[in-house]
Amino acid sequence: MLEQRHPLASATEQLRILENGSSRLQRFSDALRSSKQYPLRATGVEVLQVNVGKLCNQTCRHCHVDAGPDRREVMTQETAELCIAALEKTAIPTLDITGGAPELAPVFRYLVEQARARGRHVIDRCNLTILLVPSQSDLAGFLAANRMEVIASLPYFLADRTDAQRGEGVFDKSIEAIRLLNSLGYGDPETGLKLNLVYNPVGAFLPPAQHAVEADFRRELDRRYGVRFNSLYTITNLPISRFLEFLLDSGNYEAYMEKLVEAYNPTAAEGVMCRTMVSVGWDGTLYDCDFNQMLELPVQPGNPRHIRDFTLEPLAAREIITGQHCYGCTAGAGSSCGGTTI
Amino acid sequence: MAGYYHTEDLPHFSDMGKNAPELWNKFSEWYNAVFAEGALTEREKCLIALGVAHAVQCPYCIDAYTQASLEKGSNMDQMTEAVHVASAIRGGASLVHGVQMRNVAKKVSM
């Protein structure tokens, strides 16, 4: 969208649509008030999620980052060192690396090795096809050698729906990449090398029950392609960036927002990921989550707002910035980077 | 009859409880119990509902159970097969009455 100079490339324009939308829709803050959860507060920092940049080898139709091969935003070595310094002075157990295709960032392997050297669990949010890019021929081995958890996008177990969202030919390459990971022990409960897949709806509807669709995926991926994985996470598409563009262009925006609002679940809100994580942008700015990052909504003033100023105590109990997009994480069984929240 | 059915009418379905609340409540409770996971999964029940929706040609039900089937994780192959099942039963139900036609014809014919 940025390359096309699309109005929705602007976070301000996205927020204008989301916040000034239908007056029939309850404000998210009022939904929290009605369930006595306002203001939403962090309960700790279990995950440091670092978005190393927007460069990606794919251009997915739903991408909330508006990532693609044309993007140039990428984390510098200096900022990566500040992320490691933040881990060093805290006991945050997990470093969660995302993008774009995070593996394309020059700091990716530095972050992994430094965090692993400090005994932290490291997650790679992987689009799978990156494993087949010639310049990344040693990537799968690197992930396994560092015993990283791989969380990989695969919206469906059939090619047509996967390719409709992620691009022509992506499904076949994704299966090939899973085979590669399986050959290294990923997806085998005996090895401890975790390959978790992410289902997200290919359209303006909510995801199914995680346990139900996980069983379908396990059966069909084994039967059709002979590949395996550990767990399946279901994630709801948040109405921002390219998915917001799809909703508006297809005339589904109002109905989708109504669906999210109707499905508001206080129990899901209790477990949203922003309560236990801090999100770091490619330039070091701190956010409550990757979605707020893309909407350019940093953590509340009064908290450290850049990784160079990272201090655990205020951030671990900070008030979280919320908006209408947050309904995406509280609908039904909830949605987070680790799947459902209840 | 163009414009007889409107998408925005479906949310008013519960208005049917205004003059007969007890009956509506009984229907709602039963309906929800029917679609809860049991011996069949919720996804399977939605596919049955989708097929029946086509057999009874209810536009509200087609809308609702197309979306519900997608939300339960079904794909277009499965949903299309469900509609074929319903159509086969509908078509077959007509065709099998050909036996009655043959019985009557046989009775009155020399």
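This report describes the fold of chain A and the contact between chains A and B in a predicted model.

## Overall form of chain A

Chain A contains 14 helices and eight strands. Its C-alpha trace spans about 50 × 45 × 40 Å along the principal axes. For 342 residues, a compact globule would be expected to have a radius of gyration near 20 Å; the value for chain A is 19 Å, and therefore agrees with that expectation.

Of the 342 residues in chain A, 51% are buried. Contacts in chain A also link distant parts of the sequence: among those between residues at least 6 apart, 74% join residues at least 24 apart.

## The sheet

The eight strands of an open sheet in chain A follow the order β6-β5-β4-β3-β2-β1-β7-β8, and their pairing is mixed. The edge strands are β6 (232–234) and β8 (286–287) of chain A, each of which pairs on one side only. As a general principle, strands of a sheet pair through backbone hydrogen bonds, in either a parallel or an antiparallel manner.

Elsewhere in the sheet, strand β4 (residues 149–153) of chain A pairs with strand β5 (residues 195–199) of chain A in the parallel sense, over four bridges. Within this pair, A:I151 stands opposite A:N196 of β5(A). Helix α8 (residues 210–225) of chain A packs on the sheet and touches β5 and β6 of chain A. The direction of α8 makes about 135 degrees with that of β6(A).

## Strand β2 and its neighbours

Strand β2 (residues 94–98) of chain A is largely enclosed by the rest of the structure, because four of its five residues are buried. One partner of β2(A) is strand β1 (residues 47–51) of chain A, with which it pairs in the parallel sense over five bridges. Here A:T94 in β2(A) is the bridge partner of A:V47. Strand β3 (residues 121–126) of chain A also pairs with β2(A) in the parallel sense, over four bridges. In that pairing, A:V122 of β3(A) is the bridge partner of A:L95.

Helices connect these strands into β-α-β units. β1(A), helix α3 (residues 77–88) of chain A and β2(A) make a right-handed unit of this kind. Another right-handed β-α-β unit is made by β2(A), helix α4 (residues 108–117) of chain A and β3(A).

## Helix α9 and its packing

Which residues of helix α9 (residues 241–249) of chain A are buried? They are A:S241, A:R242, A:F243, A:L244, A:E245 and A:L247. These buried residues of α9(A) pack against α1 (11–19), α10 (253–262) and α12 (290–294) of chain A. Just after α9(A), A:G251 takes a positive phi of about 75 degrees.

## Contact between the chains

How many residues of chain B are in contact with chain A? Nine residues of chain B are in contact with 10 residues of chain A. On the side of chain B that touches chain A, α2 (42–55) and α3 (59–71) of chain B each supply at least two residues. The most is given by α3(B), with three residues. By character, the residues on this side of chain B comprise one nonpolar, four polar and four charged.

How values were computed. Residues numbered from 1 in each chain as written. Chains lettered and ligands numbered in written order. Predicted model: local features only at pLDDT ≥ 70, side-chain atom pairs only at ≥ 80, totals over all residues. Contact = placed C-beta atoms within 7 Å. Nonpolar A, V, L, I, M, F, W, Y, C, P; charged D, E, K, R; others polar. Rg over C-alpha atoms; globule rule 2.2 N^0.38 Å. Buried ≥ 20, exposed ≤ 12 C-beta atoms within 10 Å, placed from the backbone. Pairing = 2+ DSSP bridges. Right-handed = clockwise from strand over helix to strand, strands pointing away. Axes fitted to C-alpha atoms, helices over the stretch in contact; angles between N-to-C directions.
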